[in-house]
Amino acid sequence: MIVRRLARPLLASVFVAAGVDALRHPAERTDQAAHLLQKVPGQVPGAEVAAKDPDLFVRVNGAALLGGGLLLATGRMPRLASTVLAASIVPTTAIEHAFWEEGDPTRKAASRSLFLKNVGLLGGLLLAAVDTEGKPGLAWRAQHATKTTRREARHAQRTAKREARLLAHRAQDVVS
């Protein structure tokens with residue numbers, strides 16, 4: 001559909017640009033990442049490792065943004081790409097747009113606006129992550145396969161009973 005072909009690259013453009021920027025200039029985000037990672041070491045799996053090297057964390061997150069953005073933009077594995085981007089936008093948003101920590105009202109308002117923009121992008125990514133392009137999803141296919149298997153099993157059972165009765169009648173005819 002034409003809307004998907006237009007919407008995916010438009011949605012992905014933000015992530016591609018952010019990923020390139022994070023890979024080219026990680027130092028701008030490293031201090032913010034270190035600050036956040038020190039707050040959540042026991043609450044997030046792998047945060048202890050990331051806290052030791054926040055620069056690597058920023059680069060890995062940038063690579064995830066870039067890779068996921070490119071996959072989404074090109075329509076290759078869009079559901080997986082959207083899921084990866086959705087998972088990576090959460091720490092990005094918390095690190096770069098922590099408006100609740102701002103003291104200056106002007107900076108706080110700007111940061112809150114960017115935070116809400118990212119929340120909106122997260123909503124778009126969640127929609128893209130569940131978009132099956134009009135094709136049946138895995139849940140429907142599994143349910144359909146189960147129904148088909150049950151129907152075929154009942155049919156096979158009826159056929160086996162019918163064949164057994166016919167054999168029993170033939171055996172009685174031979175005996176009589």
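**Cavity, pocket and salt bridges**

The largest cavity is lined by A22, R29, V58, N61, L65, T92, I95 and E96.

Visitor: Which elements give two or more residues to that lining?

Guide: They are α4 (54–74) and α5. Please bear in mind that this is a predicted model.

Visitor: How much space lies in the largest cavity?

Guide: About 60 Å³. The structure holds one cavity of 30 Å³ or more.

Visitor: What is the lining of the largest cavity like by class?

Guide: Four residues are nonpolar, two are polar and two are charged.

Visitor: Let us turn to pockets. What volume does the largest pocket have?

Guide: The volume of the largest pocket is about 270 Å³. Its lining comprises 16 residues, of which Q32, I95, E96, A98 and E102 are the closest to the centre. I95 and E96 also appear in the lining of the largest cavity.

Visitor: Which helices supply at least two residues each to the pocket lining?

Guide: α2 (27–39), α5 (78–96) and α6 (105–130) do so. By class, the lining of the largest pocket has seven nonpolar, four polar and five charged residues.

Visitor: Back to R29 from the cavity lining. Is R29 buried or exposed?

Guide: R29 is buried, because its relative accessible area of 14% is under the 20% cut-off. R29 also forms a salt bridge with D21, with the closest N and O atoms 2.9 Å apart. D21, in contrast, is partly exposed, at 28% relative accessibility.

Visitor: How many salt bridges does the count come to?

Guide: The count is five. One of them pairs R4 with D131, the closest N and O atoms being 2.6 Å apart.

Visitor: Why does the R4 and D131 pair tie together parts far along the sequence, 127 residues apart?

Guide: R4 belongs to helix α1, whereas D131 sits in the loop between α6 and α7 (138–175), so the pair joins parts 127 residues apart in sequence. R4, R8 and D131 are linked in a network of salt bridges.

Visitor: And where do D55 and R59 lie?

Guide: Both are in helix α4, four residues apart, which is about one turn of the helix. D55 and R59 form a salt bridge, with 3.2 Å between the closest N and O atoms. D55 is partly exposed, with a relative accessible area of 27%, and R59 is partly exposed at 36%.

Visitor: Last topic, the surface. Which residues form a nonpolar patch there?

Guide: M1, I2, V3, L6 and L10 form the patch, with about 580 Å² of accessible area together. I2 is found in helix α1 (residues 2–24) and is exposed, with a relative accessible area of 59%.

Note on methods: Residues numbered from 1 in each chain as written. Predicted model: local features only at pLDDT ≥ 70, side-chain atom pairs only at ≥ 80, totals over all residues. Heavy atoms only, no water. Patch = residues over 30% accessible without salt bridge, like charges linked within 9 Å, V, L, I, M, F, W, Y side chains within 5 Å. Areas by Shrake-Rupley, 256 points an atom, 1.4 Å probe, with all protein chains shown as cover. Salt bridge = Lys/Arg side-chain N within 4 Å of Asp/Glu carboxyl O. Buried < 20%, exposed > 50% of the residue type's maximum accessible area, 1.4 Å probe, protein only. 1 Å grid on protein atoms, 1.4 Å probe; cavity = no way out; pocket = protein on both sides within 12 Å on 5 of 7 lines; lining within 4 Å. Points joined across faces, edges and corners; volume = space filled by probe spheres on them. Nonpolar A, V, L, I, M, F, W, Y, C, P; charged D, E, K, R; others polar.
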